[in-house]
Each structure stands twice: as C-alpha cells, then as structure tokens.
Amino acid sequence: MTALDTLATREDQISPGISACVGCNVELTLRTVLKVLGPNTILAIPPGCMGGVGVVGWDKMSGAKVPVFFPLLDNSASMLAGIRLGLKARGREANVVAFAGDGATVDAGFQALSGAAERGDKIIYICYDNEGYMNTGYQRSSSTSKGSWTSTTPVSKEGSGGKPQHRKDFPLIMAMHDLPYVATASPAYIPDLVKKVERAMEVKEGLAYIHIYNPCLTGWGIKSDDSIAISRLSVQSRFFPLWEAHGRRLQFTVRVPKPVPVADYVRRIGKFRHLDEARIAELQAITDERYSFLEAMDRMGGGANAPGA
Amino acid sequence: MSKEYIGPVGEGLYAVRTGDWRTRRPLMDQKTCRRCGICLMYCPVNAISRGADEAYSIGLEYCKGCGVCAAECPAKAIAMEKEGAK
Amino acid sequence: MSRVDVLNGNLAAAHAARLSRPEVIAAYPITPQTPVVEYLTQFHADGSLPCQMSEVESEHSAMSILTGASLTGVRCYTATSSQGLALMYEPYFRASTLRLPIVMNIVNREMISPQTVWGGPQDSMTLRDAGWLQIYVEDNQEILDTTIQAFKVAESAEVLLPINVCYDGFYLSHMTERVEIPSQEEVDAFLPPYRSRHIILDPETPMAVDPLTNGRLLMEYRRKHMAAQQAALVAIEKADAEYARRFGRSWGGVIDEYRTEDAEYLMVSLGSVCGALRECIDDARARGVRVGLLKIRSLRPFPRARVIEALAGKKGFGVIDRNVSFGTNTGILFQEIRAALYSAGSRYPAASFIGGLGGEDLTLEIVAGAIKSTIETVDAGKIDNEASWLVRPERKA
C-alpha cells in the first residue's frame with residue numbers, strides 16, 4: 001500500500017477540530033502518525049502544544065478516538081512502560097505510543113526515556129521537535145538551534161544575543177542506546193514518515209524512537225503557506241538530515257547530494273532574522289560537520305548500496 | 001463504565017469548529033488537478049478526501065485556510081480566495 | 001496452612017507483597033528499603049512471584065510505571081524511603097488524584113539535610129496531604145498483615161485510593177522478629193483479584209484520562225476524593241475485622257489502644273516507638289500510675305471520631321512525635337490530635353514531645369521521662385505550644 005493510499009483510506013484517530021495554529025505541521029504529523037498506527041493504540045500526549053490544543057480533550061470529553069492521556073512532562077516513557085507491563089499482565093497487545101514535544105523528550109523527559117530505552121520497554125516514542133517550549137510562548141530548550149531568538153534567549157536592539165549553544169543531536173543520542181529502530185523524519189516527507197512509523201510498529205522487542213523536526217509557524221515566524229516548504233528546506237540544506245538506524249547500522253533515507261546553503265533556510269525564518277553572515281556561516285559549519293559524521297555512519301551502515309537502502 | 005466518574009475521564013469526541021477561523025478559502029480546479037494526492041497528504045487538518053472516482057475534494061467544516069494545499073500542489077490547481085469574496 | 005519464621009521487616013513486607021499477587025512491580029532500591037527490592041526480585045527469579053517486574057532507573061519512574069500499569073486496570077506494588085519518596089512526589093500526588101489503588105510500603109527514613117540514612121517518618125508524614133491513605137505500624141507481624149489488608153482497603157469500590165503502609169527504617173526494616181506467614185490459599189480467600197472499573201486505558205473502551213479540566217469540575221473530583229478518604233475509615237476497620245476472623249490477628253483498625261479503659265493519662269504516638277511506650281506504661285502501671293497508649297495507625301484518613309472517643313474522660317495526654325512540623329513548634333501528630341479535639345469542643349491539657357529523629361534512640365528511660373513529664377504538664381493544666389525535645393544526655397569520653 002502506498003503512503004497516499006494508507007492516508008486516503010485510514011480513519012483519522014484525532015478529533016477533526018483541534019486548536020492547533022493555522023497550518024501547524026505538528027497537527028499534520030500527529031494525524032498522519034495516528035492514521036498509520038490505527039485504533040489499537042494507547043496514546044500519551046504530555047504537556048506541550050498537542051496537549052494544549054485539546055488532543056487529550058476538555059473536561060469530560062476526549063480529543064481522540066483512541067485511548068489518550070496526559071503523562072507528566074517528564075514521565076511519558078515510564079508511564080508507557082507501565083502500560084506495556086499492564087497489558088502484558090492482561091495478555092493484551094496494542095501500540096503503546098508517546099507523541100511528545102522536545103521539552104518532554106530531550107529535557108525533562110530524558111531520564112525516563114533513556115531508562116525505558118535501556119530496559120528495552122516495548123514502546124514507540126515519537127518526538128515532535130519544534131525547538132522549544134512553544135505552547136507557553138517559545139522558551140528555549142536544549143533542542144533550540146544556536147543563534148535562535150526565543151523568549152528566554154532574547155535579542156538586543158543591536159542584534160546580538162539569541163541562544164549561545166547549538167541543539168543537542170538527540171536522535172543520535174537515542175541511537176547510541178542500541179535500539180531496534182531509530183529514525184528522523186520531517187512533515188515535508190510524508191511517505192518517508194509513513195514508512196518509518198510502519199517500521200517502528202514492526203519492532204518486536206524494545207523501544208522504537210522517531211524524531212520529527214517540525215518548524216513552528218507561530219514561534220519561529222513563518223507564514224502558514226510555507227509550513228511544508230520551510231520543513232523541506234531544513235532537509236534540503238542538510239540542517240536536519242533524514243535517516244534511520246537499526247542498532248548502530250545507520251542509513252540516510254533521503255539523500256541530499258546537492259544541498260542548498262543553510263542561509264537559504266535560515267533567511268526565511270523570523271527567529272534568525274538578527275543573524276549576520278558570520279553567524280550564519282557558523283551554522284553552516286556546524287551543519288557540515290554533523291552531516292559528515294552521519295555520512296561516515298551511513299558508509300559504515302552500507303550507504304546507498306546497503307540491503308534495504 | 002459508569003457515567004458518574006470519580007476521576008478525570010473524558011468520553012466522546014470534542015471538536016472545535018475550526019472552519020470558523022478561516023479568512024481564506026481553498027478552491028480546487030478539478031480540470032487542472034492531476035490526482036496526485038499531495039494535497040491530501042499535506043493538509044494539516046485532514047480536510048481533503050479522495051472520492052471513489054479518484055477525485056479530491058476539500059471539506060470546509062474544519063479547514064483553517066492555511067494555504068498549505070495551494071502551496072504544495074504541483075499542478076497549481078488550488079487557489080486561496082479571501083473569505084466573503086464571491 | 002500458615003508457617004512461622006523469623007523475619008526482618010523488609011522480608012515481612014516482601015512476603016506480604018508476594019502473597020497479594022501484584023501483577024506489576026516497579027521499584028528502585030534505597031536504604032533502608034533496598035532489601036525489599038532484592039527479596040522481590042529473588043522471589044520473581046525463583047518463580048514464586050509471577051508478575052511483571054521493572055528494575056527502574058529512579059523512584060520517579062517507579063511510581064510513573066505503576067501509574068501507567070494501574071491505568072490498564074491491574075494490581076500494583078512498590079516500596080521506597082525518604083529521598084526516593086521525595087523524588088516521586090510528582091507522580092505520587094497524581095496516583096491519588098487519578099484514584100489508582102497502588103500499594104506502597106514506605107520504610108521510614110529521615111529527610112536530609114544533614115546527610116542521614118537512619119529512621120524517622122518525616123518522609124511520609126510530610127506528604128500526609130497528597131491524597132494517599134497512610135497507615136503506620138509497630139512491628140513486623142503488623143507490617144505483613146497490614147500490607148495484605150492494604151490491597152483490600154485501597155481496591156474497595158467505595159475507596160479506590162492508593163495506600164502507604166509505613167514502618168520505621170532499621171528499627172523494623174532490619175530487625176528480626178517472629179512472624180507468622182499465611183498460606184497463599186488463605187490470602188487468596190481474603191483478597192480477590194483486582195480489575196479496574198472506574199478508569200482504564202484500553203483500546204476496547206477508549207477514553208481520555210486527564211483532559212484539561214475546569215476548576216468547578218476539578219473541585220467535584222476533589223470532593224469525591226475526600227469522601228473516599230472518609231470511606232476508608234470504615235474500609236480499614238472492615239478489613240481488620242475480616243482479617244482477624246480469618247487469621248486470628250486484629251490490629252485495632254484505624255487506632256489501637258493499650259490499657260486505656262481506666263487510664264487518666266494517654267500517651268499518643270505511631271510506629272515502632274509504641275513498643276517502648278507499652279513497656280513503660282506497664283512499668284508505670286506497676287507503680288499505680290493510670291496511663292495508657294493511643295496508637296494512631298491511620299494518619300490518613302485521620303481517625304478523628306475514634307481519637308475523640310479514646311480521649312473522652314481522660315485528664316490529658318502527651319504526644320511523642322518522631323518528626324517536626326516546621327513553623328508550628330511541635331510535631332505533626334500533636335497538631336493532628338489537637339485539631340481533632342478542637343472539633344469536639346474538648347480542651348485537654350496536653351504535652352508535646354519531639355525525639356528520635358534521624359534514627360536517634362528513644363530509650364525506655366527517655367520514654368519513661370516523657371510519661372512523667374506528661375503527667376506533670378497535665379496535672380498543671382497546661383497545653384504545650386512548644387514541644388519538649390527528648391534527647392539522650394551526652395556521654396563524656
């Protein structure tokens with residue numbers, strides 16, 4: 001079945017009306033992921049955008065057709081680990097899934113996630129990374145890019161400031177837990193995302209992790225029409241490469257032989273408006289260095305000629 | 001399950017009528033449409049459906065008017081028009 | 001048939017957990033609770049505890065795993081102490097507000113700073129308002145019996161709240177006593193399996209757990225939660241009575257009384273120090289002093305009515321607190337007793353003592369001194385607004 005057929009025929013598991021911003025590509029990502037996962041799913045939505053817009057519902061009503069709940073900001077993975085154990089005790093099988101922002105994943109939720117990954121708890125953990133705490137007005141996270149304006153890394157009138165550190169390479173950190181499946185994904189590459197969710201569902205033992213890079217329209221200063229175009233540029237500039245790994249065997253899933261300059265990506269985003277050429281060049285250098293590292297891993301993993309590539 | 005809950009539980013789907021937010025409306029030209037389905041795959045609110053005849057149509061009840069479908073359509077078959085303009 | 005063995009408190013707790021057939025256990029070791037985790041993992045390895053078990057990376061995850069597991073409707077157990085309890089505060093509070101009947105032994109240990117690993121119920125008593133039921137016990141047999149009963153109380157339809165059975169670190173956790181271990185068949189007959197009917201994460205009956213909730217509705221949940229705490233007063237006594245019928249041992253329910261019938265003075269406390277109090281009360285009685293013991297077993301729910309009843313007609317009382325209530329000049333239990341009596345319109349002379357913090361020994365001599373001091377305070381008609389500190393005289397080298 002093609003990704004299009006899957007998405008055209010499967011039932012949407014999320015309420016048709018949630019209060020995500022106009023054009024939000026996280027809403028797109030969530031609906032896509034849940035269509036692939038299907039109704040036999042228990043869904044964790046920790047505090048963050050998707051919780052805030054009503055995916056867990058309001059008062060006595062739900063925001064999803066599947067069982068859904070709010071974990072705490074920092075315990076999505078451990079609550080899901082418990083749900084898996086409870087299902088095992090009852091002899092039941094279901095997809096046990098987190099759909100969590102970067103705050104709930106790379107910051108406050110990291111300990112629980114790393115613990116679950118090491119123990120091999122059978123859960124699917126999906127991080128939608130929009131580079132910060134967006135539903136509270138965009139405060140920095142450890143996934144925020146270097147130089148980025150956030151409400152807690154402000155920019156002076158002269159244009160200095162922004163976040164001093166670059167984002168940690170979280171999907172690689174997860175891959176170094178030797179997981180059965182780790183992947184990065186983008187809302188601009190939906191067929192690639194669909195395939196990756198399907199692969200995560202095929203995992204028999206252990207934790208599957210998918211890290212999705214979601215440019216935030218409201219927080220980053222992007223027109224809604226450009227939601228997907230900017231996401232595509234993040235991949236085409238090699239700023240956020242798309243790959244998957246089984247254990248340490250990593251391979252690119254979208255190859256970018258002729259990247260566009262990082263400047264072409266950065267220049268279209270409001271939160272980077274204050275960056276001068278030198279600071280953009282710095283982002284280009286970081287991007288190149290990280291990409292070379294991945295290329296080396298991709299070569300070790302068999303590269304484009306590897307079976308299954 | 002009893003309906004008198006002792007703990008914080010929700011049942012039944014709560015849906016915000018997000019179609020009311022729209023300031024622009026997507027209009028699809030079926031003649032230009034190449035039936036590629038990209039609009040369906042990238043519509044954030046899942047407002048686009050595929051009919052039995054393989055034709056695509058946009059439901060306006062929840063469409064927020066973001067313009068992603070128009071921007072992504074490779075055939076330029078979707079135009080965004082101001083709401084209220086006839 | 002039950003059998004008799006010599007057990008430390010941690011092993012008594014582990015046997016109780018095993019016999020209660022939990023379906024999911026997640027626990028993180030911490031002194032003085034550590035042996036509980038070791039015993040349970042050994043039972044599991046030996047096949048006598050056929051449950052899902054998770055060796056977690058922290059207490060926060062231990063309670064989070066149990067919250068998740070309990071939301072699938074299965075029976076859950078864990079144990080912790082002190083800093084571990086503090087680390088799990090976030091999911092701890094939430095387990096109660098989600099009305100999940102998790103059972104957790106707390107092996108009471110003093111809170112740091114200063115750095116300490118020794119006993120004292122400051123850890124759990126500080127969390128008395130987090131919505132859990134909390135029962136404090138005095139010896140190892142009571143640990144075993146009460147932990148089994150705890151599942152019955154927590155899971156009863158009118159309660160549905162998580163419960164702590166708290167026992168003193170080292171004094172009970174690492175000391176051995178004669179303990180009668182009931183057979184699996186006997187416990188099975190007392191404790192039927194648990195399946196959640198009130199809240200569940202299950203694709204067959206999809207629901208949202210914890211939607212964003214307005215204050216009015218939240219208050220409705222809180223009101224029901226408070227009513228469930230009151231219902232637990234009855235459930236604890238019922239479980240104790242049924243247990244007594246089946247196993248021949250009653251622990252008194254929400255309180256226990258010793259030589260109180262004709263007493264003029266009552267000493268009030270909880271936990272293992274009640275053992276020393278019983279000895280000292282016997283000594284005082286031998287000298288013609290009419291003193292008795294009121295042992296608080298259930299701190300939450302607080303057994304207001306039975307406390308009022310137990311004190312009716314007495315001259316006054318003294319409370320030994322192995323904890324502090326910062327900002328009130330006394331211990332927590334003293335505050336609780338005073339508050340309960342106020343609602344009865346009673347005004348008893350009362351003495352407040354703080355001692356035995358950080359594992360410091362409450363010797364018979366010190367406890368006898370507290371009894372003597374209580375009698376002086378009561379006879380003088382005074383009500384302490386500041387605790388007397390029970391300390392051993394410093395030894396000269």
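How many residues does the contact take from chain C, and how many from chain B? Fourteen is a fair number to keep in mind for chain C: the contact takes 14 residues from chain C and seven residues from chain B. Before going further, note that this is a predicted model.

Let's stay with chain C's side of that contact for a moment. Two elements of chain C, β9 and α9 (215-247), each supply at least two residues of the side that touches chain B. Sort the residues of that side by type and you get eight nonpolar, three polar and three charged. The strand β9(C) also does some pairing here: two bridges join it to strand β1 (residues 9-10) of chain B, and the two strands run antiparallel. If you want a spot to click on, take Gly10(B), whose bridge partner in β9(C) is Ala208(C).

Keep Ala208(C) selected, since it turns up again with chain A. In β9(C), Ala208(C) is the bridge partner of Val68(A). The strands involved are β2(A) and β9 (residues 208-209) of chain C, and they pair in the parallel sense over two bridges. As general background, strands of a sheet pair through backbone hydrogen bonds, either parallel or antiparallel.

That brings us to where chain A meets chain C. Here 37 residues of chain A are in contact with 36 residues of chain C. On the chain A side, the elements that give two or more residues are β1 (41-44), β2 (68-69), α4 (76-89) and α6 (110-119). The largest share, eleven residues, comes from α4(A). By type, the residues on this side of chain A divide into 21 nonpolar, eleven polar and five charged.

Now zoom in on α4(A). Its axis and that of helix α3 (residues 59-71) of chain C come within 6 Å and cross at roughly 45°, which makes α4(A) oblique to α3(C). The crossing of these two helices, α4(A) and α3(C), is right-handed. From α4(A), the residues making the contact include Met79(A), Leu80(A), Ile83(A) and Leu85(A), and from α3(C) they include Ile65(C), Leu66(C), Thr67(C) and Leu71(C). What about charge in this helix pair? The residues of the contact of α4(A) with α3(C) divide into nine nonpolar, seven polar and no charged.

Step back to look at chain A as a whole. Chain A has twelve helices and eight strands. Its radius of gyration is 19 Å, close to the 19 Å that the globule rule gives for 309 residues, so chain A is as compact as a globular protein of that length. The C-alpha trace of chain A spans about 60 × 50 × 35 Å along its principal axes.

Finally, have a look inside chain C. An open sheet of seven strands runs in the order β3-β2-β4-β5-β7-β6-β13 (chain C), with mixed pairing. At the edges stand β3 (52-55) and β13 (298-300) of chain C, each with a single partner strand, so one side of each is left without a neighbour in the sheet. Neighbouring strands of this sheet are turned by 20° against each other on average, direction ignored. At the β13(C) edge, strand β6 (residues 133-136) of chain C pairs with β13(C) in the antiparallel sense over two bridges, and Gln134(C) stands opposite Arg300(C) in β13(C). Helix α7 (residues 140-155) of chain C packs on the sheet, touching β5 (103-108), β6 and β7 (163-168) of chain C. The direction of α7(C) makes about 165° with that of β7(C).

Note on methods: Residues numbered from 1 in each chain as written. Chains lettered and ligands numbered in written order. Predicted model: local features only at pLDDT ≥ 70, side-chain atom pairs only at ≥ 80, totals over all residues. Contact = placed C-beta atoms within 7 Å. Helix = DSSP H or I, 4+ residues; strand = E, 2+ residues; numbered from the N terminus. Nonpolar A, V, L, I, M, F, W, Y, C, P; charged D, E, K, R; others polar. Pairing = 2+ DSSP bridges. Axes fitted to C-alpha atoms, helices over the stretch in contact; angles between N-to-C directions. Parallel < 35°, antiparallel > 145°, perpendicular 65-115°, else oblique. Left-handed = near helix turned anticlockwise from the far one by under 90°. Rg over C-alpha atoms; globule rule 2.2 N^0.38 Å.
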